[in-house]
Amino acid sequence: MKLARKKIYLITGGAGFIGSNFVHYLYEKEENIEVRVLDKLTYAANLRNLKEFESRRGFEFIRGDICDAKVVKKAMAGAQVVVNFAAETAVDRSIDDPQSFLKTDIFGVYVLLNEARKNKNLKKFIQISTDEVYGQILKGSFMETSPLNPRNPYSASKLGGDRLAYSFFATYRLPVTITRASNNYGPWAYLEKVIPLFITNLIDGRKIPVYGEGKQIRDWLYVKDHCTAIYLLTCKGADGEVYNIGGGQECTNIALARQIIKLMGKTQRDIEFVQDRPGHDFRYSLDCSKLKKLGWEPQYNLAKGLQETVEWYGANENWWRPVKQKMDQKYLTGYWGRK
Ligand SMILES: NC(=O)c1ccc[n+]([C@@H]2O[C@H](COP(=O)([O-])OP(=O)(O)OC[C@H]3O[C@@H](n4cnc5c(N)ncnc54)[C@H](O)[C@@H]3O)[C@@H](O)[C@H]2O)c1
């Protein structure tokens, strides 16, 4: 009897926050798979996120850079599904030093696409883009067809990767699908991200730094809901199409801080207003009806997702404590300094 060939997934950036959650989700969904993770292991990565798969048959971790065609070629061999999470992702860092963002988030995407073109087994290439490519919106919500107007070097670089991926569909018919998600939160996020920063600062009895007056609005997406959407798109996403993925949970930063404070039994005195980010986008908001037509609905509202996230960081101090010890103080007290 001939055994069915295993489906091979290449997950780039799979040792980071969303990528590692996605690897966990894949193994929950499917058994007969091989998963290759290609990751450069930047400051944001953590191999402990993938520890339980280390000795699993069919799981392979490759340390390497998506800008390196030789490594990418090897990692790509025979893969049917490629999901590109690999990116420089921190807006504040991109303002300080954009170069690595241009390299990974544009050139790296080109290298991946170019190797994907040579891969005869490829069925789907998912480019993980971001809602930040639209820029800010003061009223209403962005559709996939809305104008693109990124306002910081991170989002501008991500737009380069996003449109490059589309161009490989339009030009070479590469089966590319692009996702634009809103702000994620949940387990295994590097601690410069605002929600784990607030939670772990409060556990440590530190203040939580809120940029400006905290009036900016973000739409929060629990990472598990993000993973279900990406998985659905690996199966049902149309080639050459973009899909917005939002949690539908808009909240000002100050309201978010207050919600976390309440959940953790802390007080308003634990908030410190700090210098705002230059060019800080005021509001993001996504219309996700295109994705919902494929059958996706987020399962987490902000209250439920925050509760689980607070519990997770509370129970996993051994994961985040060593990360936090290595971090520069400015991430803990406000990147742009005290007011
Ligand atoms: N976090 C969010 O809220 C959010 C929202 C929308 C979209 N996104 C996108 O989702 C993707 C994942 O974001 P995240 O929050 O998990 O980021 P992250 O910073 O936690 O992880 C990024 C991973 O990519 C790896 N990486 C970086 N440069 C690389 C390179 N040149 N070659 C190989 N690996 C490299 C890092 O080592 C890390 O493991 C990114 O593309 C990001 O733009 C994130």
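How many residues surround the ligand, and which are the closest? In this predicted model, 29 residues surround the ligand, and the closest are Ile18, Asp39, Thr89, Tyr154 and Lys158.

**Stop one: the ligand and its polar contacts**

Select the ligand together with Tyr154, Lys158 and Leu41. An N or O atom in the side chain of Tyr154 is 2.6 Å from an oxygen atom of the ligand, while a polar side-chain atom of Lys158 lies 2.7 Å from an oxygen atom of the ligand. At Leu41 it is the backbone that should be displayed, with an N or O atom there lying 3.4 Å from an oxygen atom of the ligand. If you then turn on a surface, keep in mind that the ligand taken alone exposes 840 Å², of which the protein buries 97%.

**Stop two: the shell around the ligand**

Now widen the selection to the shell and colour it by residue class, which gives 13 nonpolar, eleven polar and five charged residues. Which elements each supply at least two residues of this shell? They are helix H1 (17–29), strand S5 (124–130), helix H5 (153–172) and strand S7 (183–185), and the largest share, three residues, comes from S5.

**Stop three: the seven-stranded sheet**

From S5, extend the view to the open sheet of seven strands to which it belongs, where the order is S3-S2-S1-S4-S5-S6-S10 and the pairing is parallel. At the edges you will find strand S3 (59–63) and strand S10 (242–245), each of which pairs on one side only. Neighbouring strands of this sheet are turned by 20° against each other on average, with direction ignored.

To look at one pairing in detail, select strand S4 (residues 81–84) with S5, which pair in the parallel sense over four bridges; here Val81 stands opposite Lys124 in S5. Adding helix H4 (residues 99–117) shows a helix that packs on the sheet, where it touches strand S1 (7–12), S4, S5 and strand S6 (176–181). The direction of H4 makes about 165° with that of S5.

**Stop four: the three-stranded sheet**

Finally, return to S7, which belongs to an open sheet of three strands in the order S7-S9-S11, with mixed pairing. Its edge strands are S7 and strand S11 (250–252), each pairing on one side only, and the twist averages 50° from one strand to the next. S7 and strand S9 (residues 217–222) pair in the parallel sense over three bridges, and Asn184 stands opposite Leu221 in S9. To end the tour, select helix H8 (residues 253–263), which lies across S9 and S11 and runs at about 90° to S11.

Technical notes: Residues are numbered from 1 along each chain as its sequence is written. This is a predicted model: local features need pLDDT of at least 70, side-chain atom pairs count only at pLDDT 80 or more; totals for chains, interfaces and linings use all residues. Side-chain values use heavy atoms; hydrogens and water are left out. A residue is near a molecule or strand if one of its heavy atoms lies within 4 Å of it. A polar contact is a pair of N or O atoms within 3.5 Å; within protein, one must be able to donate a hydrogen and the other to accept it, and residues adjacent in sequence count only if both atoms are side-chain atoms. Accessible areas come from the Shrake-Rupley method with a 1.4 Å probe; for residues, only the protein chains shown count as cover. Ala, Val, Leu, Ile, Met, Phe, Trp, Tyr, Cys and Pro count as nonpolar, Asp, Glu, Lys and Arg as charged, and the others, Gly among them, as polar. Two strands pair if DSSP finds at least two bridges between them. Axes are lines fitted to C-alpha atoms, for helices over the stretch in contact, and angles run from 0 to 180 degrees between N-to-C directions. Contact means heavy atoms within 4.5 Å.
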